[in-house]
Amino acid sequence: MATADGPLAPLIRSWLRSLRAAAKPETTIKQYRIAVTALDQFLAERQLEDLDVRGLRSATVDWLAKLNGSGYAPATVYVRFAACSRFFTWCVAEEELPANPMAGLERPGVPEKPVQVPAADMVTALLRSTAGRDFRSRRDHAIIRLLADTGMRRGECAALKVADIDLDAQIAYITGKGNRPRVCPFGAKTAQALDRYLRARSRHKGARLDDLWLTEQRASGLSYHMIGVMVRDRAAALGFELHPHQLRHLFAHTWKAEGGNEDDLMRLGGWRSHTVMRRYGSALADERAREAHRRMSLGDRF
């Protein structure tokens, strides 16, 4: 049974439209919508009907306390806090509220939990499992190689068009977060995988579509969600867990382990902050440090 809208529902719809006008990624918009809608439904349960700032603040504090006591992961609580705070900031900017009801509230903490970096042999196993010549194998093999070789985000990969791939130059033109374009180079094996996929794609019923990745049976593009399911299912069939974002962590770890320049890594991966970029591959930071010490052998020089 659908839950009745609360007092924020009309403003939420307007805010979501403004996010789309600002070219925010649909994945981000979805997260924000879930967060503010949950708050709005809480307000409806409280039978809060007006937009009094004091009442909104008190109810929001109670809602956040309920989230903390309901077993939600700290990261989920943080995202919902941040989304609602941004929504109220927009309400003030649009002169729908005189002040932000969440102003001054302490952001919830998120314990640092490094993402597990997958072993290289897991990727090798995935590639071997997609070594067939059918359309699905060609497609999945190319996707996995491209993700591991470039470190691009799953959303960036899903949004690729056929025209974005230059096989001769071995580069992919992508549009990253914040609508920022960048170029992702890839190696010869990835170029070969893409070439094989594109030849199989040329015989597909959806060959005239602009989308690079097509579904197996229908003339339609492969979605962000479908790519995630594909990678997870392929890994599960081999007996281990893996999601696409871990391949981005593997890319960053391998680059750092090989002594790659961090400024170059930032450009290739589309990070705008060294702080954020350094979280990638951080689960193996100690291992990289020990290996660097072994290579340098500083104490052996005396």
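What is the volume of the second largest pocket? I'll start there, and keep in mind that this is a predicted model. The answer is about 260 Å³.

So who lines that pocket? Going along the chain, we have A120, V123, L127, R145, A148, D149, K189, T190, L250, F251, T254 and W255. If you sort the lining by character, you get seven nonpolar residues, two polar and three charged. Four helices each put in at least two residues: helix 5 (120–129), helix 6 (135–150), helix 8 (188–201) and helix 10 (244–257). Helix 10 gives the largest share of the lining, with four residues.

Okay, on to the sheet. It's an open one, three strands in the order 1-2-3, with antiparallel pairing. Strand 1 (165–166) and strand 3 (181–185) are the edges, each pairing on one side only. Strand 2, residues 171–175, runs antiparallel to strand 3, and five bridges join the two. If you want a spot to click on, try A172, which sits opposite C184 in strand 3.

Last stop, V92. You'll find V92 in helix 4, which covers residues 74–93. Is V92 buried, exposed or partly exposed? Its relative accessibility is 29%, and buried would need under 20% while exposed would need over 50%, so V92 counts as partly exposed. As for what V92 touches, skip the neighbours within four places in sequence and you're left with contacts to L97, A99 and N100.

That's my tour; shout if you'd like any of these views back on screen.

Key. Residues are numbered from 1 along each chain as its sequence is written. This is a predicted model: local features need pLDDT of at least 70, side-chain atom pairs count only at pLDDT 80 or more; totals for chains, interfaces and linings use all residues. Side-chain values use heavy atoms; hydrogens and water are left out. Two strands pair if DSSP finds at least two bridges between them. On a 1 Å grid over the protein atoms alone, a cavity is a set of points where a 1.4 Å probe fits but cannot get out, and a pocket is an open set with protein on both sides within 12 Å along at least five of seven lines; lining residues have an atom within 4 Å of a point. Grid points are joined across faces, edges and corners, and a volume is the space filled by probe spheres set on the points. Ala, Val, Leu, Ile, Met, Phe, Trp, Tyr, Cys and Pro count as nonpolar, Asp, Glu, Lys and Arg as charged, and the others, Gly among them, as polar. Buried means under 20% relative accessible area, exposed over 50%, partly exposed in between (1.4 Å probe, protein chains only). Contact means heavy atoms within 4.5 Å.
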